[in-house]
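Student: I am new to this one and would like to go through it step by step. Could we take a look together?
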Amino acid sequence: MFLTRAIYVSTPTVPMGPKERETVMNQISEAGLRHNPDNGISGLLAHDSDRFVQVLEGERTMLTETLIRIAADPRHTDFQLFSMQEISQRMFEGWAAVLISPGDWPASQPRRVAFECLTSEGLLERLLHIRRYGVVAARAITDAA
Ligand SMILES: Cc1cc2nc3c(=O)[nH]c(=O)nc-3n(C[C@H](O)[C@H](O)[C@H](O)COP(=O)(O)O)c2cc1C
C-alpha cells in the first residue's frame, strides 16, 4: 500500500456565480461523501468562480481511480495535475473532500492568490491554510464577497 497525495486545478464548465454554485457544489459534495470515506480518500476541494483546486489523499490505486473519474467529469475542464507523490502521512485526515466556497470565507481575512502562479507546494500550503482556519484563498479575480 502506497499512501499518495494528488493536487489538481481545473476550470468549471458550469456557471459558478453566487446563485448557481450552491447547487453544483452540493452535487459534487454528495458524490464525494458517497465515495471518498468508503474508498479511504481524504482531501479538500476549494473553488472560486473560475477554478477548482482539490487535494486528495489515499491508497495509490484507489486515488488513481478516483482522479480518473473526476477528470472525466463534464462539469470541469483544463484538468491540470500539479503533483502526485507518495507520502508518509495524511494532511487531511478526517476530511472527506470537504468543500469551501468563497461565500464561506470570512471577509476579514482576504488573501488574494493567483492559483495559476503557484507551485504545487504553494497550492498545498493554501489548502492547508483553508483546512486550519476555514478560510482564505481567493484568486485576484473573484466573486467572493
Ligand atoms: C471538481 C470536482 C471534484 C470532485 N470530487 C470528487 C471526489 O472527491 N470524490 C468523488 O467520488 N467524486 C468527486 N467528483 C464527482 C465525480 O466526478 C463523479 O461525478 C462521481 O464520483 C460519480 O459518482 P456517482 O457515480 O455515484 O454519481 C468531483 C467532481 C468535480 C467536478
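Student: Which residues is histidine 76 in contact with, leaving aside its neighbours within four places in sequence?

Tutor: This is a predicted model. In it, histidine 76 is in contact with Tyr8, Ser10, Thr11, Pro12, Thr13, Phe52, Ile70 and Ala71, once its neighbours within four places in sequence are left aside.

Student: What joins the side chains of histidine 76 and serine 10?

Tutor: The side chains of histidine 76 and serine 10 are joined by a polar contact of 2.7 Å.

Student: Is histidine 76 buried or exposed, and in which strand is it found?

Tutor: Histidine 76 has a relative accessibility of 9%, so it counts as buried, the cut-off being under 20%. It is found in strand S4, which covers residues 76–86.

Student: Aspartate 78 is in strand S4 too. What is its phi?

Tutor: Aspartate 78 has a positive phi of about 55°, although it is not a glycine. Most residues other than glycine have a negative phi. As for its surroundings, aspartate 78 counts as partly exposed because its relative accessibility is 48%.

Student: Let me step back. How many helices and strands are there in the protein chain?

Tutor: The protein chain has 3 helices and 5 strands. Along the sequence, they follow the pattern β-α-β-β-α-β-β-α. Of the 145 residues in the chain, 46% are buried.

Student: What share of the contacts join residues at least 24 apart?

Tutor: The share is 79%, counted among contacts between residues at least 6 apart in sequence.

Student: Now the strands. Which sense does the pairing of S1 and S3 have?

Tutor: Strand S1, residues 3–12, pairs with S3 in the antiparallel sense, over 8 bridges. Within this part of the model, arginine 5 has glutamate 57 of S3 as its bridge partner. Strand S2, residues 42–48, also pairs with S3 in the antiparallel sense, over 7 bridges.

Student: Which residue in S3 does glycine 43 stand opposite?

Tutor: Glycine 43 stands opposite leucine 56 in S3. Another bridge partner in S3 is valine 53, which is matched with alanine 46.

Student: Why is S3 largely enclosed by the rest of the structure?

Tutor: Strand S3 runs over residues 51–59, and 8 of its 9 residues are buried, so the rest of the structure largely encloses it. For S2, 7 of the 7 residues are buried, so that strand is largely enclosed as well.

Student: Which way do the residues of S2 point?

Tutor: Ser42, Leu44, Ala46 and Asp48 point one way, Gly43, Leu45 and His47 point the other way, and all are buried. In a regular strand the side chains alternate between the two faces of the sheet.

Student: Which residues have the most contacts inside the largest nonpolar core?

Tutor: That core has 13 residues, and those with the most contacts inside it are Met25, Ile28, Leu45, Phe52, Leu56, Leu63 and Leu67. The elements giving two or more residues to this core are S1, helix H1 (21–35), S3 and helix H2 (60–71). Another core, of 12 residues, lies apart from it and has Leu44, Val55, Leu127 and Leu128 among its residues.

Student: Changing topic to the ligand: which residues are the closest?

Tutor: The ligand is surrounded by 17 residues, and the closest are Arg34, His35, Asn36, Arg69 and Asp73. H1 provides the largest share of this shell, 5 residues. At least two residues of the shell come from each of H1, S3 and H2.

Student: Which atoms of the ligand lie by arginine 34 and asparagine 36?

Tutor: A polar side-chain atom of arginine 34 lies 2.9 Å from an oxygen atom of the ligand. For asparagine 36, a polar side-chain atom lies 2.8 Å from a nitrogen atom of the ligand. In addition, an N or O atom in the side chain of glutamine 54 is 3.1 Å from an oxygen atom of the ligand. The ligand taken alone exposes 620 Å², and the protein buries 82% of that.

Student: One last item. Where is the place of proline 18, and is it buried or exposed?

Tutor: Proline 18 is in the loop between S1 and H1. Its relative accessibility is 57%, so proline 18 counts as exposed. Its C-alpha atom is separated by 9.7 Å from that of aspartate 48, and the two residues are 30 residues apart along the chain.

How values were computed:
Residues are numbered from 1 along each chain as its sequence is written. This is a predicted model: local features need pLDDT of at least 70, side-chain atom pairs count only at pLDDT 80 or more; totals for chains, interfaces and linings use all residues. Side-chain values use heavy atoms; hydrogens and water are left out. Buried means under 20% relative accessible area, exposed over 50%, partly exposed in between (1.4 Å probe, protein chains only). Helices (H or I, at least four residues) and strands (E, at least two) are DSSP runs, numbered from the N terminus. Two strands pair if DSSP finds at least two bridges between them. Contact means heavy atoms within 4.5 Å. A nonpolar core is a set of buried Ala, Val, Leu, Ile, Met, Phe, Trp, Tyr and Cys residues joined through side-chain atoms within 4.5 Å. A residue is near a molecule or strand if one of its heavy atoms lies within 4 Å of it. A polar contact is a pair of N or O atoms within 3.5 Å; within protein, one must be able to donate a hydrogen and the other to accept it, and residues adjacent in sequence count only if both atoms are side-chain atoms. Accessible areas come from the Shrake-Rupley method with a 1.4 Å probe; for residues, only the protein chains shown count as cover.
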